[in-house]
Amino acid sequence: MHIITFDTHFGILWAGCPRQHRGNCAVLLYRFTGEKEVDLMSTFVPEAFRGQGVAALLSQAAMDFLVEDDLKAHVSCWYIKKYIEDNPLRRYERRVIA
């Protein structure tokens, strides 16, 4: 099981990494572009964790973050775009700025 940790100061979601081991972690980077808007910029999953659904878990956490905090998002990351297409939930689609 992977635990998602938010670092809102730096705009990072970490998957399953204690603070002291964050050099080898899966991450999703985002930044605020307005008061209620973010850009979901990129995901990175180390090779050891690839193919285990970690990027999808990060993408889901990011989309749930948008819903919970009533935010809209530009999606720059190709993987997150694919995640939204593969998981066409109305609550997610309404959060994406075209």
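Is Tyr92 buried or exposed in this structure? In the predicted model described here, Tyr92 has a relative accessibility of 1% and therefore counts as buried. The surroundings of this residue and of several others are described below, after an outline of the chain.

The protein chain contains three helices and five strands. Along the sequence, these elements follow the pattern β-β-β-β-α-β-α-α. The mean pLDDT of the protein chain is 86, and 85% of the residues reach 70 or more. Confidence varies by element: strand 2 (residues 12–15) has the lowest value, with a mean of 70, while strand 5 has the highest, at 97. Of the 98 residues in the protein chain, 38% count as buried. The exposed area of the protein chain is about 6000 Å², of which carbon and sulfur atoms supply 52%. Among contacts with a separation of 6 or more, 45% are between residues 24 or more positions apart.

The largest nonpolar core comprises 22 residues. Within this core, the residues with the most contacts are Leu28, Val38, Leu40, Met63, Leu66 and Ile80. At least two residues each come from strand 3 (26–34), strand 4 (37–44), helix 1 (54–68), strand 5 (72–75) and helix 2 (78–86). The most is given by helix 1, which supplies seven residues. For Val38, with neighbours within four places in sequence left aside, the contacts are Tyr30, Arg31, Phe32, Thr33, Leu66, Leu71, Lys72, Ala73 and His74.

A search of the whole structure returned four aromatic pairs. One of them joins Tyr30 and Phe65 in a tilted arrangement, with 5.5 Å centre to centre and 50° between the planes. Because Tyr30 belongs to strand 3 and Phe65 to helix 1, this pair ties together parts that are 35 residues apart in sequence. Tyr30 counts as buried at a relative accessibility of 3%, and Phe65 is buried as well, with a relative accessible area of 9%. Another tilted pair is formed by Tyr83 and Tyr92, for which the figures are 6.4 Å centre to centre and 40° between the planes. Tyr83 has a relative accessibility of 9% and so counts as buried; its partner Tyr92, at 1%, is also buried. Ring pairs further link Tyr30, Phe32 and Phe65 into a cluster.

The loop between helix 1 and strand 5 includes Asp70 and Leu71. Asp70 has a phi near 55°, a positive value in a residue other than glycine. The relative accessibility of Asp70 is 46%, so this residue counts as partly exposed. Leu71, in contrast, counts as buried at 3%. With residues up to four places away in sequence not counted, Leu71 touches Phe32, Lys36, Val38, Phe65, Leu66 and Arg95. The contact with Val38 thus appears in the lists of both residues.

Arg95 is placed in the segment after helix 3 (90–93). What is the relative accessibility of Arg95, and does that value make the residue buried or exposed? The value is 12%; buried means under 20%, so Arg95 falls in the buried class. A polar atom of the Arg95 side chain lies 3.4 Å from the backbone oxygen of Leu71. The C-alpha atoms of Leu71 and Arg95 are separated by 6.7 Å, although the two residues are 24 residues apart along the chain. Not counting residues up to four places away in sequence, Arg95 touches Leu66, Val67, Asp70, Leu71, Lys72 and Ala73. This list includes Asp70 and Leu71, which lie in the loop between helix 1 and strand 5.

Arg91 is located in helix 3. The relative accessible area of Arg91 is 40%, and the residue is therefore partly exposed. Apart from neighbours within four places in sequence, Arg91 is in contact with Asp64 and Val67. Val67 is also touched by Arg95. The C-alpha atoms of Arg91 and Met63 are separated by 8.8 Å, with these positions 28 residues apart along the chain counted as their spacing. Met63 is one of the residues with the most contacts inside the largest nonpolar core.

Note on methods: Residues numbered from 1 in each chain as written. Predicted model: local features only at pLDDT ≥ 70, side-chain atom pairs only at ≥ 80, totals over all residues. Heavy atoms only, no water. Helix = DSSP H or I, 4+ residues; strand = E, 2+ residues; numbered from the N terminus. Buried < 20%, exposed > 50% of the residue type's maximum accessible area, 1.4 Å probe, protein only. Polar contact = N/O pair within 3.5 Å; in protein donor to acceptor, adjacent residues only side chain to side chain. Contact = heavy atoms within 4.5 Å. Core = buried A, V, L, I, M, F, W, Y, C linked by side-chain atoms within 4.5 Å. Phe/Tyr/Trp six-rings, centres within 6.5 Å; stacked < 30°, edge-to-face > 60°. Areas by Shrake-Rupley, 256 points an atom, 1.4 Å probe, with all protein chains shown as cover. pLDDT = per-residue confidence, 0-100.
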